[in-house]
Amino acid sequence: MNTDITRSSAAELAHALGSRELSSVEVVQAHLDRIAAVDAEVHAYLHVDGEGALEAARAVDQRRASGEELHVLAGVPIAVKDVMATQGLPTTCGSRILQGWIPPYDATVVARLKSAGMPILGKTNMDEFAMGSSTEHSAFGPTHNPWDLTRIPGGSGGGSSAVVAAYEAPLAIGTDTGGSIRQPASVTGTVGVKPTYGGVSRYGLVALASSLDQAGPCTRTVLDAALLHSVIGGHDPMDSTSIDAPVPAVVEAARRADVAGLKVGVIKELGGEGYQAGVRARFDESVALLQEAGAEVVEVSCPSFDYALAAYYLILPSEASSNLAKFDGMRYGLRVLPEGIEDPSAEQVMAATRDAGFGDEVKRRIILGTYALSSGYYDAYYGQAQKVRRLIAQDFSAAFDQVDVLVSPTAPTTAFRLGDKLDDPMSMYLQDVATIPANLAGVPGMSLPSGLADEDGLPTGIQILAPATKDERLYNVGAALEKMLVDRWGGSLLAKAPQLTAKGA
Amino acid sequence: MSALSRDDVAHLAGLARIDLSDAELDRMVGELGVILESVAKVQEVAADDIEPMSHPLPLTNVTRPDEVRPSLGVEAALSGAPEQEQQRFSVPRILDAD
C-alpha cells in the first residue's frame with residue numbers, strides 16, 4: 001500500500017485525497033516510511049520534519065472532513081530545497097556557516113505551500129549556497145543519484161530532484177541560478193522547471209545571484225509541475241522584482257498538450273561538440289516525435305550563446321561576493337574566534353568565521369567576484385560580461401521572432417561519477433552550458449526526460465525554452481512530448497530505474 | 001591579461017574578509033588562473049555600442065504607503081545571534097583599543 005502511495009503522481013494523490021480514498025496523514029506517513037527506508041543511501045534530505053508534516057496533514061484532513069473547500073494540492077506533501085527560509089525548521093544552504101540556524105520567518109514560496117495545505121516533509125540537500133552542479137559541495141556530504149548510487153544527482157538542487165526520483169516526496173521545490181533545477185532533473189530522469197524570472201517570489205530565498213536566481217518545481221510529471229507552479233507563482237509585494245501579472249495558465253496548457261502547427265527551434269550552438277552521443281541521440285528522437293505530432297522544426301542560430309558560460313562565471317561570482325557579505329558571524333550563524341589573538345576585532349572574527357564556515361567552491365567564487373568588481377578590472381570583466389548578457393537576450397529575442405519555443409539537450413552528459421570533476425572547476429562549470437543562457441535573459445525553461453543513453457543506460461533530458469512570461473508554452477510542449485515518450489517506453493522512465501535495496505524497500 | 005599572483009589572491013581574500021591558509025592560497029592561485037583565462041573570452045565580443053545589461057527586468061523603484069505594519073519582534077530578530085546582551089547583538093570590538 002505504502003509503495004503504491006509513494007509511486008503515485010501528485011495529481012493522482014490530489015484526486016485520491018479529494019475523493020477521500022486516502023487521507024493526508026496516510027500519504028505523509030507513506031513518504032516518511034520511504035524516507036526512513038532509503039534516505040540513508042540517497043542522502044537527499046538534510047532535515048526531515050516528520051512531526052510537523054504529520055501535524056499539517058492532520059489539520060488538512062480535519063478541514064476536509066468539515067467540508068471546507070481546499071486547494072487542489074491540499075494534503076499532498078512536498079520537500080523544500082534548504083536555501084529557502086522555513087520558520088522553525090533549520091535552514092543551512094548546505095553550509096557550515098548556517099548550521100543550526102532556524103529562521104524566524106517563512107519564504108513566500110513556503111508560506112504559499114502552507115496556505116495551500118501542503119505538508120512540508122523536510123529540507124533537501126544542495127551544493128553550498130547553490131554553487132555547484134553535483135551536490136558534492138554540500139558541507140553535509142553529497143547526495144547520491146537514485147539511478148546509480150555511485151553517481152552525482154546533479155546540482156545545485158540534487159537533493160530536490162533525488163527525493164522525487166527516489167519516491168521520497170511527490171514534489172519538491174528547487175532554485176535555478178544557472179541550471180540548478182533543470183540539470184539535476186536531466187540526470188535523475190525527472191521534470192524540472194525554471195519559471196520566468198520574477199514569476200515566483202524570491203523573498204526568503206537566500207540569494208546566490210539576485211539577477212539570476214529563480215525558484216521552481218521539481219516533479220515526476222509535467223502536469224505535477226504545472227500544478228505546483230500555479231501554487232507558488234504570482235506577484236509578491238515583498239519582492240521588488242516580482243512580476244505583477246497573473247500566473248500563466250500552465251495547468252490548462254499541460255492538459256492541452258497539443259503541438260500541431262507550433263514552430264520549434266533547435267538551437268544550433270547547443271548540442272554539438274562536447275555533448276555525449278547518447279544524449280544527442282535521445283534529443284534527436286524527441287525532436288522527431290514533435291515533428292510527427294505536427295510541429296514545424298527549424299534550426300535557429302544563437303551565436304552569442306558561445307560566450308554565455310564565460311559571462312555567467314563573471315556575473316554570478318560578482319553578485320555572490322556581494323550577497324554573501326552578510327555571513328560575517330555578527331548577527332546569526334557561526335562565529336569563530338581567531339586562534340592566538342587576544343581581544344580580536346570584528347574584522348578578525350569575520351575573516352576567521354568565513355574561512356571556517358565556507359567551503360572551497362564558495363571561497364573561490366567570492367574571491368573571483370571580488371576581483372571582477374575591483375577597480376581597474378571592472379570594465380574588462382564585469383562590464384564586458386554585462387554586454388554579453390545583452391547580446392544573449394538579443395539572440396533570444398531574434399529566435400523567438402521566428403519560433404514559439406526553442407529546444408536543446410538539457411545537460412551535455414548523463415550523471416558522472418561522484419568525485420570525477422571535483423578537482424577541475426571549469427569541467428564542472430561546463431555542465432551548465434546549455435541551461436545558463438535562460439538565466440542570463442530571464443526566460444523560462446523546462447527539462448523533461450528524453451530517454452536513457454545507450455552507452456551507460458542513464459537518463460538524458462531535453463530542455464524547452466519559451467519567451468519571458470510565456471511559461472504555458474513549456475507545459476504545452478512538455479506534456480505533449482511526455483505523452484508520446486511514455487507511450488513509447490510503455491510507462492514512465494523512472495519505472496526503469498533500479499530498485500533501491502535498503503531495508504524495507 | 002594579467003595573471004593573478006599569490007599576493008593578489010591574498011589581497012583579494014583580505015578584501016573579502018576570508019582568512020586563507022597558505023595551502024588554500026597556493027591552490028586558489030592556480031584554480032583562479034584557469035578560470036580567469038577561460039572567462040576572459042567575454043572581451044572578444046562586446047563592442048562599445050552594446051548597452052550593458054545588469055538585470056533581466058527593467059527595474060523601477062518600488063514603494064509602499066508609509067504605514068505602520070507588523071515586523072519581527074526583538075526576540076525573533078535576535079533568535080539566531082551568536083551572542084546577545086540586553087536585547088542587542090553582542091559583537092567583537094569594532095574600533096581599535098586606543
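Here are three short exercises on the packing and the empty spaces of this structure, each with a worked solution.

This is a predicted model, where local features need pLDDT of at least 70, side-chain atom pairs count only at pLDDT 80 or more, and totals for chains, interfaces and linings use all residues. Residues are numbered from 1 along each chain as its sequence is written, chains are lettered from A and ligands numbered from 1 in the order in which they are written, and side-chain values use heavy atoms, with hydrogens and water left out.

**Exercise 1. Find the largest nonpolar core and look at what A:Tyr475 touches**.

Step 1: get the term straight. A nonpolar core is a set of buried Ala, Val, Leu, Ile, Met, Phe, Trp, Tyr and Cys residues joined through side-chain atoms within 4.5 Å. Buried means under 20% relative accessible area, exposed over 50%, and partly exposed in between (1.4 Å probe, protein chains only).

Step 2: the largest core has 149 residues, and A:Met84, A:Leu113, A:Phe129 and A:Tyr475 have the most contacts inside it. Helix 11 (residues 308-323) of chain A gives the most to this core, with 10 residues; helices are DSSP runs of H or I, at least four residues, numbered from the N terminus.

Step 3: zoom in. Leaving out residues up to four places away in sequence, A:Tyr475 touches a set including A:Val193, A:Pro217, A:His229 and A:Met446 (contact means heavy atoms within 4.5 Å).

**Exercise 2. Describe the lining of the two largest cavities**.

Step 1: a cavity is a set of points on a 1 Å grid over the protein atoms alone where a 1.4 Å probe fits but cannot get out, and lining residues have an atom within 4 Å of a point.

Step 2: the largest cavity holds about 90 Å³ of space. Among its lining residues are A:Arg7, A:Arg34, A:Tyr167 and A:Gln499, and the lining divides into nine nonpolar, one polar and two charged residues.

Step 3: the second largest cavity has a volume of about 50 Å³. Of its 13 lining residues, A:Ala130, A:Gly132, A:Ser180, A:Tyr312 and A:Asp432 are the closest to its centre. This lining has five nonpolar, six polar and two charged residues, and helix 11 of chain A gives the most to it, with three.

**Exercise 3. Work out whether A:Gly158 is buried or exposed, and place it**.

Step 1: A:Gly158 sits in helix 6 (residues 158-165) of chain A.

Step 2: A:Gly158 counts as buried because its relative accessible area is 0%.

Step 3: beyond residues up to four places away in sequence, A:Gly158 touches A:Asn125, A:Thr135, A:Thr143, A:Pro153 and A:Pro184.

Terms used:
Helix = DSSP H or I, 4+ residues; strand = E, 2+ residues; numbered from the N terminus. 1 Å grid on protein atoms, 1.4 Å probe; cavity = no way out; pocket = protein on both sides within 12 Å on 5 of 7 lines; lining within 4 Å. Points joined across faces, edges and corners; volume = space filled by probe spheres on them. Nonpolar A, V, L, I, M, F, W, Y, C, P; charged D, E, K, R; others polar.
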